[in-house]
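Me: I have a protein model open and would like to go through it step by step. Could we begin with the chain as a whole?

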Amino acid sequence: MATIREVAKKAGVSITTVSRILNNDDSFNVSKITKEKVLEAVKQLNYERKKNKNKISQSNISIIKCFDKKIENEDPYFVSLKINLENMLKKIFSKVKILNLDEIERLIKYNEISTFSFADAIIFIGEISKEKLKFFKKLNKNIICVDMYDTDNITDYVKFDTRNSVEMVLDYIFKLNHKKIGLLVGRNKVVKNLVDFREKYFKEIMIRNGLYREEYLKVGDFSMESGYIMMKEILKLEDRPTAVFCGNDSIAMGAYKAIRENKLKIPEDISIIGFNDLKLSQYFIPPLTTIKIDTKLIAQETVNSLVELLEGKRNYHKKVFLPIELIERQSCQKI
C-alpha cells in the first residue's frame, strides 16, 4: 500500500501539502494545478488514507443538500433539518463542510469530485437519484441519506415514516366523516419523474376505500403561491371536496388565502390539514391542524448512525423510520 510520503514525492510537493489537500482544509490556499497533481498521484498509487478509530472527532464530514434554492427559500422544513444537523455535527466533529448541488456540478465539471473519497463520510439531505448515489458509493463507503424517499438496501437511511404519516392524516379525516377529500402537493424537481410519497400513498388509500377522484388531486410545487393557485382550481369545481390535505404548511397558507378570497370559512365550509408543523402554523386563523416532523430527532439519529459507521460498530446498513405526530388544532371539523 502506498504511503503519503510516496504521494508527496510523485506529486513533487510536501507531505503537509498532500495532507491538507486530502483533508479539504478550507484555510489552505493551493493552486488548481497543484491540487490536480496530488489527486492524480493518489489515483495512480491507489493511496488510501488511514483512519484512526480513536480520533472520530477529527473526521471530515461532507453534507450535500439535494434540494434547490427555491425549495430552501420556500419550505422551512429543509432549512430546519439542515441547521439542526449541522449544529449537532459540529458538537462532535471538527470538520463539517456543507455543499449544494451547484457546487457538486462544478466539482464534476473540473474533475475534482474525487475529493469525496477522502471525506470520512457523506450525508445527503433530500432526494438523490439512484445513479448519482451509486456514483458516490464508489468514492466513499460511509454514506447516510436523510429524508430520502426512494431507497435501496446498501445504504444507511434516516427518515420519518412516510406511509404512516399519510395514513394518519386520512384516518383522522375519515373519523370526521369526510368522504370527498382533496390533495394539494408538489413534485420533486431534483430527481425527475419522482412522485411524492404523499401523492402515492394518498391515491393508494383513497382507491382502496373507493373514494379517489382525480379532479380532487392537484400537483404544483411546495410553495404558498402554488397552494393558492391549486386551491383556486379546487374551488372552481361544482362538487368540491369537504376536506383538503396540503403537502406542507406553506401550501396550506396559500390555500387559506384562496378560501378567504372566495368568502368561505375554515373549517365550516372546508377543512384543511397541513404537513410539517411550521412554527407559524399555530398562528394561522384558524390555527392549522398538521403533522409534526421532529427535525431535531432526525438530526440526532443521523449523527448516531454516522458515529456507528465511523467507529465500525456494525457491518450492515440500516433504515431508521422515525415517528410523526398529529397536531390537532381548529382547521378541521366533523360533518
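Reply: Certainly. Buried residues make up 51% of the 335 residues in the chain. Please keep in mind that this is a predicted model.

Me: What does the C-alpha trace span along its principal axes?

Reply: The C-alpha trace spans about 75 × 35 × 35 Å along those axes.

Me: And how many helices and strands are there?

Reply: The secondary structure of the chain comes to twelve helices and twelve strands.

Me: Let us take strand 1. Is it enclosed or open?

Reply: Strand 1 covers residues 60-65, and six of its six residues are buried, so the strand is largely enclosed by the rest of the structure.

Me: Which residues of strand 1 point which way?

Reply: Asn60, Ser62 and Ile64 point one way, while Ile61, Ile63 and Lys65 point the other way. Residues on both sides are buried, Lys65 included. As a general point, side chains in a regular strand alternate between the two faces of the sheet.

Me: Which strands does strand 1 pair with?

Reply: Strand 1 pairs with strand 2 (residues 95-100) in the parallel sense, over six bridges. Five bridges join strand 1 to strand 3 (residues 121-125), and these two strands also run parallel.

Me: Where could I look to see each pairing?

Reply: For strand 2, look at Lys95, which stands opposite Asn60. For strand 3, look at Phe124, which stands opposite Ile64.

Me: New topic: strand 8. Are its faces covered or bare?

Reply: Both faces of strand 8 (residues 243-246) are covered. Ala243 and Phe245 lie on one side, Val244 and Cys246 lie on the other, and all of them are buried.

Me: What sheet does strand 8 belong to, and in what order do the strands come?

Reply: Strand 8 belongs to an open sheet of four strands in the order 7-6-8-9, with parallel pairing. The edge strands are strand 7 (217-220) and strand 9, each of which pairs on one side only. On average, neighbouring strands of this sheet are turned by 15° against each other, direction ignored.

Me: What holds strands together in a sheet, in general?

Reply: Strands of a sheet pair through backbone hydrogen bonds, either parallel or antiparallel.

Me: How many bridges does strand 8 make with strand 6, and how many with strand 9?

Reply: Strand 8 pairs with strand 6 (residues 181-186) over four bridges. Three bridges join strand 8 to strand 9 (residues 271-273). Ala243 is a useful marker for both pairings: Ile181 of strand 6 stands opposite Ala243, and in strand 9 the bridge partner of Ala243 is Ser271.

Me: How does the chain get from strand 8 to strand 9?

Reply: The chain crosses through helix 11 (residues 249-261), and this β-α-β crossover is right-handed.

Me: Now the empty spaces. How many cavities of 30 Å³ or more are there?

Reply: A search of the whole structure finds two cavities of 30 Å³ or more. The largest cavity holds about 380 Å³ of space. It is lined by 28 residues, and the closest to its centre are Phe78, Asp147, Asp196, Arg198 and Phe222.

Me: Which elements contribute to that lining, and what kinds of residue are in it?

Reply: Helix 5, strand 5 (156-160) and helix 9 (197-208) are the elements that give two or more residues to the lining of the largest cavity. By class, this lining has 14 nonpolar, seven polar and seven charged residues.

Me: And what lines the second largest cavity?

Reply: Phe160, Ile293, Asp294, Leu297, Ile298, Leu322 and Pro323 line the second largest cavity, which holds about 30 Å³ of space. Its lining divides into six nonpolar residues, no polar residues and one charged residue.

Me: One last topic: what is the volume of the second largest pocket?

Reply: The second largest pocket has a volume of about 470 Å³. Of its 16 lining residues, the closest to its centre are Ser80, Asp277, Lys279, Ile293 and Thr295. Ile293 also appears in the lining of the second largest cavity.

Me: Which helix gives the most to that pocket?

Reply: Helix 5 gives the most, with four residues. The elements that give two or more residues to this pocket lining are helix 5 (76-90) and helix 12 (295-311). The lining divides into five nonpolar, five polar and six charged residues.

How values were computed: Residues are numbered from 1 along each chain as its sequence is written. This is a predicted model: local features need pLDDT of at least 70, side-chain atom pairs count only at pLDDT 80 or more; totals for chains, interfaces and linings use all residues. Side-chain values use heavy atoms; hydrogens and water are left out. On a 1 Å grid over the protein atoms alone, a cavity is a set of points where a 1.4 Å probe fits but cannot get out, and a pocket is an open set with protein on both sides within 12 Å along at least five of seven lines; lining residues have an atom within 4 Å of a point. Grid points are joined across faces, edges and corners, and a volume is the space filled by probe spheres set on the points. Ala, Val, Leu, Ile, Met, Phe, Trp, Tyr, Cys and Pro count as nonpolar, Asp, Glu, Lys and Arg as charged, and the others, Gly among them, as polar. Buried means under 20% relative accessible area, exposed over 50%, partly exposed in between (1.4 Å probe, protein chains only). Two strands pair if DSSP finds at least two bridges between them. A crossover is right-handed if, with the strands pointing away from the viewer, the path from the first strand over the helix to the second runs clockwise. Axes are lines fitted to C-alpha atoms, for helices over the stretch in contact, and angles run from 0 to 180 degrees between N-to-C directions.
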